[in-house]
Amino acid sequence: MQFSFLGVMEKILRESGFAAIAADPKILIMLVIGCVLLYLGIVKKFEPLLLVPIAFGVLMANFPLTGILTENSGLFWFFYQGVEKAIYPSIIFLGIGAMTDFGPLIARPSSLLLGAAAQLGIFAAFLLALALGFPGPVAAAIGVIGGADGPTSILVASRLAKDYLPAIAIAAYSYMALIPLIQPPIMRLMTTKKEREVEMVQLRTVTKTEKIVFPIAVSILVILLIPDTAPLIGMLMLGNLFRECGVVDRLSDTAQNALINIVTIFLGLSVGCKAIASTFLTWDTIKIIILGLLAFMLSTVGGVLFGKIMYIVTGGKINPLIGSAGVSAVPMAARVSQVEGQKANPANFLLMHAMGPNVAGVIGSAVAAGFLLKVFGA
């Protein structure tokens, strides 16, 4: 059989991805979205460790005719099983636990209340999503964005709202990156200058025994109460036990560095590969982006509001600004509290005080997610 050069070129072009894009322009829109996300991650540094692999996953998922998403054979289909089976988010929590010092929370247990109050956005956004017509499980997954906890948002979305996973994940990580822009105006609006100027007394020293017992006790109490929290709370506390027990330094180092970095790559690619035109380019995606922002803002409001209550109850000893750190973004939210406190009073050092609500927020968002999974999970 003879082939002419022009005939071969025509066949290649006819069966290429360019021809598929010409037949379905939505593919081109998704490729542009992927490039914009890469720009935000690389140039603007919006959560680059996750946004860059997510964005590249969006590109890969929308290149036509590759077969990488084909069930039981495509490369990215296999990657995504780590999300679907809750493996990647749980390992991320292992690393977070190994990197986190729960000392400030142990030193001031009342921080748990601030972390709980900052979950207001989760349930408020859940109700708003229901009002907008989203099914219960999808509304629950959207609400979790308010916890400012990317891995938890991904885990819940993978269980309850698979088709909405990319929009939920991108919203969650985008708003986490924008914490220094979103939270300060709310914090200043809700507090007086006198409240922001409050200097808090130094936290007590937490013993090594307390730090070892804490993750074990939390695991027993929380997981027995809400078994659906086991993947997140269990791995978070195991990572923290690695950190504090002092006999598994190599495991702690691996969890904090190599392991969490490797899994972050697979997690980002897996999330991005679900952002295909047919499910992503919808009005529901726009609604999710808006609801996610409202959820995050309301969580900040809830934390600061309860901080003001604690300010009144303690006779002015608690700076309400630390309440905003009750969202789960560690340690970024605590740093925002520190910055805003020093703007009001240069002698203010709120970072360690804000870390208590901040790590409480990690636990709180995982508990809220477990509760929603219990209610809406199969």
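Buried means under 20% relative accessible area, exposed means over 50%, and partly exposed lies in between (1.4 Å probe, protein chains only). The model is predicted, so local features need pLDDT of at least 70 and side-chain atom pairs count only at pLDDT 80 or more, while totals for chains, interfaces and linings use all residues. Residues are numbered from 1 along each chain as its sequence is written, and side-chain values use heavy atoms, with hydrogens and water left out.

**Exercise 1. A pair across the chain**

Find where Lys-162 and Glu-84 sit, and say whether Glu-84 is buried, partly exposed or exposed.

Solution.
- Step 1: Start with the general idea. Side chains of opposite charge can pair when their charged atoms come close.
- Step 2: Apply the cut-off. A salt bridge is a side-chain nitrogen of Lys or Arg within 4 Å of a carboxyl oxygen of Asp or Glu. Lys-162 and Glu-84 form one, at 3.3 Å from N to O.
- Step 3: Place both ends. Lys-162 is in the loop between helix H11 (150-160) and helix H12 (165-177), Glu-84 is in helix H5 (residues 75-84), and the two are 78 residues apart, so the pair links distant parts of the chain. Helices here are DSSP runs (H or I, at least four residues), numbered from the N terminus, and strands are runs of E with at least two.
- Step 4: Check the exposure. Glu-84 has a relative accessible area of 26% and is partly exposed; Lys-162, at 37%, is partly exposed too.

**Exercise 2. A second pair, and the total**

How many salt bridges does the structure hold, and which parts of the chain does the pair of Asp-228 and Lys-374 link?

Solution.
- Step 1: The structure holds ten salt bridges.
- Step 2: In one of them, the side chains of Asp-228 and Lys-374 meet at 3.2 Å, N to O. This pair links the loop between helix H15 (208-225) and helix H16 (230-245), where Asp-228 lies, with helix H21 (residues 351-376), where Lys-374 lies, 146 residues apart.
- Step 3: Both ends are partly exposed: Asp-228 has a relative accessible area of 27%, and Lys-374 has 48%.

**Exercise 3. Two helices that cross**

Describe how H9 and H21 cross, and list the residues that meet.

Solution.
- Step 1: Two packed helices are described by the angle between their axes and the distance between the axes.
- Step 2: The axes of helix H9 (residues 120-131) and H21 come within 10 Å and cross at roughly 30 degrees. Here, axes are lines fitted to C-alpha atoms, for helices over the stretch in contact, and angles run from 0 to 180 degrees between N-to-C directions.
- Step 3: Contact means heavy atoms within 4.5 Å. From H9, Ile-122, Phe-123 and Phe-126 meet Ala-368, Phe-371, Leu-372 and Phe-376 of H21.

**Exercise 4. Unusual backbone spots**

Which bond joins Val-330 and Pro-331, and where is Lys-45?

Solution.
- Step 1: Most residues other than glycine have a negative phi, and most peptide bonds are trans.
- Step 2: Val-330 and Pro-331 are joined by a cis peptide bond, with omega about -10 degrees. Pro-331 belongs to the loop between helix H19 (283-313) and helix H20 (332-344).
- Step 3: Lys-45 has a positive phi, near 60 degrees, and lies in the loop between helix H3 (26-42) and helix H4 (48-62). With 61% relative accessibility, Lys-45 counts as exposed.
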